[in-house]
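I opened this notebook to record what I looked up about ring contacts and about how the strands are arranged.

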Amino acid sequence: MTVERHLPDGQPALNDLTVREWILTEATGQTPMYEALCYVRDLVSEWCARPEHRESFPPLIFNITDGEASDSDEEELREIAGRIRDTGTDDGHSLFINVHIASGDLSKGGLFLTAAEAGYDNRYARLLYDLSSTMPPLFDNAIRDLRGDGATGPFRGICYNASVTELLSILNVGSISVNLQ
């Protein structure tokens, strides 16, 4: 995994206090998800510890994966995801959202699932559901709009077998919901 700091327009960052973190990745070989989540834990912890961020909305972390970690077992992933979810600001805990992409899995997809909807045959999808944050009620209306149904929460930050359009909508939910406050 290559990590570089860039401005949203692709220019190298000059001051990391005013720049979002963009992680440039390469999709080849194994899935060192534990290593990646340790990096995210450190990045989020450092950001949340800065006094100028204490009153900010907490970080939103999107993990887009097949869920098949090559460098840890399920308990290690649960532990590191819990540490990420436990970080936060005065406004709340960090939100860890998993987008599960399963090749060859023809199961019906789902967005921001409830506990009643989380019965998966795929063990990696079940694990990612467990790793995901429960979404704060602030997001409920945006999630219902995205899902197109009248489901009631609590919703989990998990997406399973989404289309590309749904994937982009999921990535947008955080900024849309925050702007509705």
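I paired rings of Phe, Tyr and Trp (its six-membered ring) if their centres lay within 6.5 Å, calling planes under 30 degrees apart stacked, over 60 edge-to-face and the rest tilted. This is a predicted model, in which local features need pLDDT of at least 70 and side-chain atom pairs pLDDT 80 or more, while totals for chains, interfaces and linings use all residues. Residues are numbered from 1 along each chain as its sequence is written, and side-chain values use heavy atoms, without hydrogens and water.

Rings: I found 1 aromatic pair by this rule. The ring centres of Phe57 and Phe139 are 6.1 Å apart with planes at 55 degrees, so I entered the pair as tilted. Phe57 lies in the loop between helix 1 (33–49) and strand 1 (60–65) and Phe139 in the loop between helix 3 (123–131) and helix 4 (140–147), so the pair ties together parts that are 82 residues apart in sequence; helices (H or I, at least four residues) and strands (E, at least two) are DSSP runs numbered from the N terminus.

Exposure: I took under 20% relative accessible area as buried, over 50% as exposed and in between as partly exposed (1.4 Å probe, protein chains only). Phe139 is buried at 0%, whereas Phe57 is partly exposed at 21%.

Sheet: I noted an open sheet of 4 strands in the order 1-4-6-5, with mixed pairing, where strands pair if DSSP finds at least two bridges between them. The edge strands, each pairing on one side only, are strand 1 and strand 5 (110–111). Strand 1 pairs with strand 4 (residues 95–100) in the parallel sense over 6 bridges.
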